Amino acid sequence: MIHWNGLMFFFLTAFAVSFLVRGSLSFLNIRHLRLHGSEIPEVFRGEIDEETLVKISRYTRDTSRFGALEGLFDDLLTLAVLLGGLLPWLLARLPDWEGHFILTGLLFFGILTLASGLIGIPFDLYRTFVIERRHGFGTITLRLWVMDLLKGFVLSAVLLGILLGAFLSLLFYAPRSWWFWTWLVFAAFQGLMVLLYPVLIAPLFNKYEPIRDEGLREAVVALMAKAGLRTEGVYQMDAGKRSRHTNAYFTGFGKTKRIVLFDTLIASHTTEEIVAILAHEIGHWQGRHVLKMLLFMAAASLALLWLASHLISWPLLYTTFGFAGPVPFIGLLLGAAVFGPLFILFTPLFSSLQRRFEWQADAAVGRLTGRTAPLAEALKRIARDNLANLHPHHLYAWFYYSHPPLAERIARLKGREGKKGS
Ligand SMILES: [Zn+2]
């Protein structure tokens, strides 16, 4: 039986706050696009036509509406599961948890994870084969999509199994200090993943090879030498087998550090532009941004696990949602459900940290190549090629954007170039 007490009221309030914040931001963003979507931003004058603006508006509208719909569905499902008493019902059908703590914990989380994965499939299918195709991006075949799904399934079963097994064992054998040991295991796992992802996991899904184009390869070697970095750290990836979107990113840690350029990006940019993009990624490399992000996450998860260790022995947390009394491993889930919605308020903090790194990486371009205009040109092309929204509402961008809005970035790069010229 669900109890309508103070904690339930708190949960529903937090849930409603999170729902309203996300809903209003989406609404503001879509309305802003409707009102201003046909205006050409200053820095794009003469570079972008009305036809492209219409395409951008349609793509942004389609993806944001579908994202909002999926979010709404997830919210309703969460409420139905928590208020419908599905969790105590599931636990009652599993082996007695006091006698089989680890096994029952694995089954409980395994079933929930599997169910949520299966529910996500139709959304992913629609996004991949309807929306992305409609706007000319989707190139993935159903066969490759199924292969990705199966590989992802096996991979998450193995990785989640290991992590959950470790967490449940620590909770069982070290009931007082489990939170610290779990943090240590999770942090080590996260570090290991960042280290191993580029060499062990990413190659399961894509082919990574040295830059093929000879002229570009020479330019890359020269730039890397100038920055004092290992040249073998630049790869091209066969992204075009899934979609026409273009991108580049920096990943890995220590010896596995690397810069990855999508083959689609290489195909649509000039050598000068790619060198500028590469210089931006080198900026992330030199700024140790992956390490800083890891440390930030490790600090945040230590605080969260410490809080959780106090929560999971609180009987009210369980009785509110229909359990007879504390079931430690479920406490983590219930704690996340009750207090998690409030963490949306930390989203802007995380986003602004990421945007800070992007500004720093952009600043590295001028330092390394002596020019910022090619990066500005590259960003314009990226905007066109990916139908990027040129008119995000400033609150929406402040809240969610991991990269500064394109028009803002380009304007700042132009400012730098202008200062150099004068
Ligand atoms: Zn970046």
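Which residues gather in a patch of positive charge on the surface? I started there, keeping in mind that this is a predicted model. I found Arg 31, Arg 34, Arg 58, Arg 61 and Arg 65.

Next I asked which helices supply the positive patch. I got α1 (6-36) and α2 (50-83), each with at least two residues in it. The largest share, three residues, is from α2, and Arg 65 sits in that helix.

Then I went to the zinc ion. What are its protein donors? I noted NE2 of His 280, NE2 of His 284 and two OE entries for Glu 358, at 2.0 to 2.8 Å from the metal. I read the donor spacing in sequence as H-x3-H-x73-E. His 280 belongs to helix α9 (residues 271-286) and Glu 358 to helix α13 (residues 347-369), so this pair ties together parts 78 residues apart in sequence.

I checked the geometry too. The angles among the four donor atoms run from 52 to 138°. Four donors count as tetrahedral only if all angles lie between 85 and 135 degrees, and I logged the zinc site as irregular. For reference, I jotted down that ideal tetrahedral angles are 109.5 degrees.

Last entry: the nonpolar side. Which residues form a nonpolar patch on the surface? I listed Phe 296, Met 297, Leu 304, Trp 306, Leu 307, Phe 343, Phe 346 and Leu 349, which together have about 740 Å² of accessible area. Helix α10 (residues 289-311) contributes the most, five residues. I placed Leu 304 in helix α10.

Definitions and conventions: Residues are numbered from 1 along each chain as its sequence is written. This is a predicted model: local features need pLDDT of at least 70, side-chain atom pairs count only at pLDDT 80 or more; totals for chains, interfaces and linings use all residues. Side-chain values use heavy atoms; hydrogens and water are left out. Patches are made of residues with over 30% relative accessible area and no salt bridge: like charges are joined within 9 Å, nonpolar side chains (Val, Leu, Ile, Met, Phe, Trp, Tyr) within 5 Å. Accessible areas come from the Shrake-Rupley method with a 1.4 Å probe; for residues, only the protein chains shown count as cover. A salt bridge is a side-chain nitrogen of Lys or Arg within 4 Å of a carboxyl oxygen of Asp or Glu. Lys and Arg count as positive and Asp and Glu as negative; His and the chain ends are not counted. The place of a charge is taken as NZ of Lys, CZ of Arg, CG of Asp or CD of Glu. Helices (H or I, at least four residues) and strands (E, at least two) are DSSP runs, numbered from the N terminus. Donors are N, O and S atoms within 2.8 Å of the metal (3.2 Å for Na, K and Ca); water is not among the atoms, so sites may look incomplete. Four donors count as tetrahedral if all angles lie between 85 and 135 degrees; four count as square planar and six as octahedral if opposite donors are over 155 degrees apart and all others between 65 and 115; anything else is irregular.
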